[in-house]
Amino acid sequence: KKGKKDWTSSPEFDLARARKDRTKDHLVEQVLDLITVACMSAASTNDRLRVYGMFMLQTVIEIFSHTLDPDSVMEEDELLLAQYEGQIGATLGQSLTKDMRDL
């Protein structure tokens with residue numbers, strides 16, 4: 001899109017570049033914590049917290065959906081979020097099941 005900044009090339013969202021730039025902490029280095037908090041919130045019994053957790057999880061996935069995992073030994077172009085697939089899938093299943101029971 002016109003005028004849209006390509007933030008994916010920033011060290012904030014590129015793990016390999018973030019590791020080279022040791023001047024500060026980068027958001028990409030906190031992906032595990034972001035996903036953990038989002039999943040815990042999304043799995044909450046509190047409806048409001050569950051909604052915000054799902055929104056946070058969606059945001060983290062959108063932001064890091066194209067970030068490559070420089071430590072991947074399986075595939076050269078494996079995505080960083082692939083290692084959290086089980087945690088994210090379980091959370092979505094649990095949260096959606098709670099929502100279906102409430103209908």
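## Close-up views of a four-helix predicted model

**View 1. A salt bridge joins R19 and D71.** The side chains of R19 and D71 meet in a salt bridge, with 2.7 Å from N to O (a salt bridge is a side-chain nitrogen of Lys or Arg within 4 Å of a carboxyl oxygen of Asp or Glu). This pair brings together distant parts of the chain, with R19 in helix α1 and D71 in the loop between α3 and α4, 52 residues apart. R19 is partly exposed at 38% relative accessibility, and D71 is partly exposed too, at 45% (buried means under 20% relative accessible area, exposed over 50%, and partly exposed in between, with a 1.4 Å probe and protein chains only). This is a predicted model, in which local features need pLDDT of at least 70, side-chain atom pairs count only at pLDDT 80 or more, and totals for chains, interfaces and linings use all residues. Residues are numbered from 1 along each chain as its sequence is written, and side-chain values use heavy atoms, leaving out hydrogens and water.

**View 2. R50 and D47 form a salt bridge within helix α3.** The whole structure holds 2 salt bridges, and here the side chains of R50 and D47 meet at 2.9 Å, N to O. Because R50 and D47 are 3 residues apart in helix α3, about one helical turn separates them. R50 is buried, at 5% relative accessibility, whereas D47 is partly exposed, at 46%.

**View 3. F13 and F64 make an aromatic pair.** Just 1 aromatic pair is found in the structure (rings of Phe, Tyr and Trp, the last by its six-membered ring, pair if their centres lie within 6.5 Å; planes under 30 degrees apart count as stacked, over 60 as edge-to-face and the rest as tilted). The ring centres of F13 and F64 are 5.8 Å apart and their planes stand at 50°, so the pair is tilted. F13 belongs to the segment before α1 and F64 to helix α3, 51 residues apart, and the pair thus links distant parts of the chain. Both F13 and F64 are buried.

**View 4. The largest nonpolar core has 15 residues.** A nonpolar core is a set of buried Ala, Val, Leu, Ile, Met, Phe, Trp, Tyr and Cys residues joined through side-chain atoms within 4.5 Å. V28, V31, I35, F64, L81 and Y84 have the most contacts inside the core. The elements giving two or more residues to it are α1 (15-20), α2 (31-42) and α3 (47-64), and α2 gives the most, with 4 residues. Beyond its neighbours within four places in sequence, V28 is in contact with P11, E12, F13, D14, L15, A18, F64, T67 and L80 (contact means heavy atoms within 4.5 Å).

**View 5. T91 sits in helix α4.** Helix α4 covers residues 85-101 (helices are DSSP runs of H or I, at least four residues, numbered from the N terminus). T91 is buried, at 6% relative accessibility. The T91 side chain reaches the backbone oxygen of Q87 at 2.9 Å. Not counting residues up to four places away in sequence, T91 touches C39, A42, A43 and L57.

**View 6. H66 lies in the loop between α3 and α4.** H66 is exposed, at 66% relative accessibility. The C-alpha atoms of H66 and L79 are separated by 6.6 Å, with their positions 13 residues apart along the chain counted as the spacing.

Definitions and conventions. Polar contact = N/O pair within 3.5 Å; in protein donor to acceptor, adjacent residues only side chain to side chain.
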